[in-house]
Every structure is written in C-alpha cells, then in structure tokens.
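User: I should like to learn how to read the features of a protein model. Could we take them one at a time?

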Amino acid sequence: AKGLTHMNHLVGDSIYVVCEGKVNGKHGRQFRHQTKIVRDNLDPEWQETVEFEPWCVGVREEFRHQTKVVRNNLNPVWQETVEFEPWCVGDDLEFHIVDEGMLGLKTEGSAILYSDEVYPLGFSGDLEIGDRGALLTVKVEPVFAMDRGLGAFALTSGCYTVSPRPQSSVGTMKGTRVLSIEKEAMTVIACDNNDDEPFAMHGRLVSKNPLLVAISDGDSEDEDRIAMISAGKLTFLDGQQWLKCTEPEGVMEERTGGHSGPIFGAYLEHDLESEGGFSGYRFITQQAGNPDKVAVICCDSNIFWAAEGIVMKDPPTIKMDLSKRGGPTMYSAEFSSGKLSWPDGKVWVKS
C-alpha cells in the first residue's frame, strides 16, 4: 500500500489488510485472511500469500431453469436434465412448483436442497413440497469443469471403507482408504491390519468417460489395479469396492499407533471438529520404498489435500512441504506425548 497520508494515523497505530469472501448459500463458507500488523509506516509492505479454497471463476449470478408445462396431471413427470454453471460448494438449489391456470400463475409449494446435501456425493430422492404431503423427485450430481483438468475425478477425494469390510475391523483403521486428488494424480493412504500401520499408494486418471483410475501400491512387480468411479464408490475388476464415508462413524476411534514408527498414523486437530465430517483429521505414513519420506493427507472444511515430507527419528520430527499451498518447504513439528506441535500453535493429537 502507498500514499496513506490521508489517514488519521497516530504514532503507534497499527495497519493491516483484511481480505474476506463468502461462497453463496445458507451454509456458505466464509473466507478471511488478516495480514501481519505493520506499525508507524504509511507505505507498508506485507508480501503474504494465502490460498482460498474452494473458489470459483466467473460472475456469481443466480441461475434458473423452467421445465416444460405439463397440463391436466397431478402426478407430472418432466425427465429434464440441466447443467448450472458456475456452481460452488455452498450454493443451494431451490425448487418451486407453479400452477398455471386461468387466473394466472400460483406457486403451490417450494423446497430447498442445501449445498451440504449435494456435495460431495450428490443427491437422489424426494423433496417435500409444502406441507400437504406432495413430493418432488430429483437427482443432482456436482460436476467440476473438465477444462480445468479435474472433471468428476476431483470429487473422488475423501475417506472410504473397503467392501466387504475386513473382519475384526470395528474401532480400527483396518479397511480404510483416504484419497486426495490433485489434477490427474491421486494419493492414497491405506490400512489393512489391526495395528493401524498405514501405507501409501498412488493413482492416476486413466479415462474420463467412463471414469477410470489406475492405483499402484508402489511395488513395481505388481500391476496397477483398475477401478471405475461412480455414485460415491470405486469398483475394481475383482469385485472389491471402496465405499465413500461422510462421517467418521466410529471407524477412526480407539486405534493403536502401529509399528513403523511413532509419527505414522491418524491424528485429529480438535479445533476443526466443529466443521463436521472428517474436518481436522490428518493421516501420515511412509512413502512406498522410501522409509524416510512420508505422505500426508489432511482434511479442512471437508476438503482433502495432500503433502509430502520427511521424518527424523531423534527426536521424532516431521518436516512437511507446504509450498504447493503457499507455505514453507520445511514446516517442522516434533512428536511428543502422542502429539505433533506446530510453530503456529496448532496441535495434532494422535487418535
């Protein structure tokens, strides 16, 4: 900022910038960043970078679609498909049943489908129209713009459980898969034993139509496993399925730490629990074939993201590369008493 001489600025006063934004809708998420404070300087410089996610490109304007008119039928069927664009997480959908008669137009009933009912798994079912028992059947599927290199593949991020679920898996991570998507690459943290010893896998987009992915466990001798993505699940050629979860549902409770090392496993940042779902969960494991490198998947505001890092044994420490998210390349936390403590005051508690 320059030329702030018109301000009624006194010696010792502070100057900072606040950037705010909000996704539309009743349950819209507020974005806010406040820069560091600069004192006694009317030409301050901040040089700060912050990433707001999710964020849409385009003019935020109301979208509207009117179906064809069905006459003389109290059980009308429309079978119409329409794509609304742009659409962001936080946008709600309203439906209105309108009666067109001799006396004009009359709204007989309305319903709202909130964003958190649509994203990320979509919605298919009946909505109550008014208070007289009338129902409207709709199906809504969120889709990201293909020209951003993401497509519906971007909606695959999340936590899954293997079906059929392994025996003796209640209260453990056994059979759990945590996925994070970046462009056309997939990072997977998985667990297949009751010691909660996670391991890393990687995947890639093979086809957009149908939506197919290839997943490798890092062993060069094993072939990639091909899976089709649809309706909140991954289906493999051998019949195994990964089913998407929207809540921890006890899967993430009462776990032990595994035997690969004290840092590896699942954590919870309790300050983010109020956001619901898997917000605040963090998963750390070794990279395949490299015991010193780690894969990390985090969930903030029910958005999953991945990072890489290294671990040191004495004292147990993790250094995470956050450069892709506008942060430092070596962000360090020391493990002690079942916790990872970070320089900004955040604490990850091992579950």
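Analyst: The turns below treat strands, burial, ring pairs and charges over rings. This is a predicted model, in which local features need pLDDT of at least 70 and side-chain atom pairs count only at pLDDT 80 or more, while totals for chains, interfaces and linings use all residues. Residues are numbered from 1 along each chain as its sequence is written, and side-chain values use heavy atoms, with hydrogens and water left out.

User: How many helices and strands does the chain have?

Analyst: Helices (H or I, at least four residues) and strands (E, at least two) are DSSP runs, numbered from the N terminus. Here the chain has one helix and 24 strands.

User: How does one read strand pairing?

Analyst: Two strands pair if DSSP finds at least two bridges between them. Strands β20 (residues 303-312) and β21 (residues 317-321) run antiparallel and are joined by five bridges. They form a hairpin with four residues between them, and G309 stands opposite M320 in β21.

User: What are aromatic pairs?

Analyst: Rings of Phe, Tyr and Trp (its six-membered ring) pair if their centres lie within 6.5 Å; planes under 30 degrees apart count as stacked, over 60 as edge-to-face and the rest as tilted. The whole structure holds seven such pairs. One of them, F236 with W242, is tilted, at 4.9 Å centre to centre and 55° between the planes.

User: Are F236 and W242 buried or exposed?

Analyst: Buried means under 20% relative accessible area, exposed over 50%, partly exposed in between (1.4 Å probe, protein chains only). Both F236 and W242 are buried.

User: How is a charge over a ring recognised?

Analyst: NZ of Lys or CZ of Arg must be within 6 Å of the ring centre and within 35 degrees of the ring normal. The charged end of R225 sits over the ring of F236, 4.0 Å from its centre.
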